[in-house]
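Q: Please take a close look at the pocket in this model. Tell me what surrounds it, and follow the part that ties the picture together.

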Amino acid sequence: MSEDRYNKGIKHLKTMNPDSFRNLEKALENVAPDMARYVAEFAYGDIYSRQGLDLKTRELITIASITTLGGAEMELKSHVHGALNAGCTPQEIVEVIIQMAVYAGFPKAINGLYSADEVFQERNEKIE
């Protein structure tokens, strides 16, 4: 069962942002290699694989949540890549982050926009 969860998770990760997961595996290999497997199995194999929401919606929700947390710029950038790969437009991502200013404050929303803009520039994405 664990292998099935892992494979389902890897399938989603390959769609969204395979480089990000490989980087996570590499970064954790010396300190906690099981953590990368937990991410693949639980977050992506169990949660992202659930019925009811499409991948695009899940990524927008995740971007909103990470924005409100603050201090997780690396993860936010990874999910901005994932959202773009799942079919989100840069404008949709920007609107979600701006919406978070109401609930998390302007500093967190502005920092989220900086992170999103880094990804947009890297990918040569334009805001319409």
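A: In this predicted model, the largest pocket has a volume of about 660 Å³. It is lined by 27 residues, and the closest to its centre are Ser20, Leu24, Glu75, Ser78 and His79. Helix 1 (2-16), helix 2 (18-28), helix 3 (33-47), helix 4 (55-69) and helix 5 each give two or more residues to this lining. By character, the pocket lining splits into 15 nonpolar, 9 polar and 3 charged residues.

Now helix 5. It covers residues 73-85, 13 residues in total. At 1.5 Å a residue it should span 18 Å, and its end C-alpha atoms are 18 Å apart, so the two agree. Its buried residues are Leu76, Ser78, His79, Val80, His81, Gly82, Ala83 and Leu84. Ser78 and His79 are thus named twice: buried in helix 5, and among the residues closest to the pocket centre. After helix 5 comes Gly87, with a positive phi near 110°.

Helix 5 also serves a second space. The model has 1 cavity of 30 Å³ or more. The largest cavity holds about 60 Å³. Its lining consists of Ile66, Thr67, Gly70, Gly71, Ala72, Glu73, Leu76, Lys108, Asn111 and Gly112. Helix 4, helix 5 and helix 7 (106-123) each supply at least two of these. Helix 7 gives the largest share, 3 residues. This cavity lining divides into 3 nonpolar, 5 polar and 2 charged residues. Leu76 lines the cavity and is one of the buried residues of helix 5.

Key: Residues numbered from 1 in each chain as written. Predicted model: local features only at pLDDT ≥ 70, side-chain atom pairs only at ≥ 80, totals over all residues. Heavy atoms only, no water. Helix = DSSP H or I, 4+ residues; strand = E, 2+ residues; numbered from the N terminus. Expected span 1.5 Å × (residues − 1). Buried < 20%, exposed > 50% of the residue type's maximum accessible area, 1.4 Å probe, protein only. 1 Å grid on protein atoms, 1.4 Å probe; cavity = no way out; pocket = protein on both sides within 12 Å on 5 of 7 lines; lining within 4 Å. Points joined across faces, edges and corners; volume = space filled by probe spheres on them. Nonpolar A, V, L, I, M, F, W, Y, C, P; charged D, E, K, R; others polar.
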